[in-house]
Amino acid sequence: MFHPLIFDNIRVVLEGAVYDRDFDGAITITGRSDVMDMATFQRLFQIEFKLAEQAAGEKAVRAQMQLRTSLGDIASEQLEQPLVEHVGCTICIHFHLQLPNPDDIPSEANKITTLLNEIWGQRPYITQTLSAKLPEHRIEWPPTVVTNHITLDFHRKIDEGNIDDLRELIEHTIQSLAGLQRHVDQT
């Protein structure tokens, strides 16, 4: 009989819990994908959402939860051989937003880090990647719109023993989304 992977078990619970919050009216799911990368034999599941009341808004902050597993984890589990130190998968959370005040990027980045650390309790490693679109023949500097891609990485693998933590993880993600949306809307 086929035994689902740790990745599949966590993906089903994560996806179901996010859809529950969509059905509750707290968020609106805007995209999802379940990918098998045949070049590297990795699995990736990602689900994107926005706050329900902001879903159609131009300045809506977008959250994306990503679950990944690698060939080593899949092979270790299927072959029942210790090919990796800990069999499981990783989860990262991403937020995409436009900086409300691109003239003061260091201050904006610090405010965002502080807001997220208050919610997450200094647990995930937070990185912010800033970008600006410079159209051909109309390069304006400094740019008027700067996009911030924020990544929360926990730097550890999870397995079925962490399934009960997924609902709390989703709630923290929604709290972060609401806090970031308030920050964007204040300007």
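Here is a short conversation about the sheet in this structure and the helix lying across it.

Trainee: What kind of model is this?
Mentor: Residues are numbered from 1 along each chain as its sequence is written, and side-chain values use heavy atoms, with hydrogens and water left out. Local features need pLDDT of at least 70, side-chain atom pairs count only at pLDDT 80 or more, totals for chains, interfaces and linings use all residues, and the model is predicted.

Trainee: In what order do the strands of the open sheet lie?
Mentor: Strands (E, at least two residues) and helices (H or I, at least four) are DSSP runs, numbered from the N terminus. Two strands pair if DSSP finds at least two bridges between them. Here 6 strands pair in the antiparallel sense, in the order S1-S2-S3-S4-S6-S5.

Trainee: Which strands are at the edges?
Mentor: An edge strand here pairs on one side only. That applies to strand S1 (27–37) and strand S5 (125–131).

Trainee: Which residue of S6 is the bridge partner of histidine 96?
Mentor: S4 and S6 are antiparallel and share 7 bridges. On S3, arginine 62 has histidine 96 of S4 as its bridge partner. In S6, the partner of histidine 96 is histidine 149.

Trainee: Why is S4 largely enclosed?
Mentor: Buried means under 20% relative accessible area, with exposed over 50% and partly exposed in between (1.4 Å probe, protein chains only). S4 is largely enclosed by the rest of the structure because its buried residues number 7 of the 9.

Trainee: At about what angle does helix H4 run to S4?
Mentor: Axes are lines fitted to C-alpha atoms, for helices over the stretch in contact (heavy atoms within 4.5 Å). Angles run from 0 to 180 degrees between N-to-C directions. Helix H4 (residues 166–185) lies across S1, S2, S3, S4 and S6, and its angle to S4 is about 15°.
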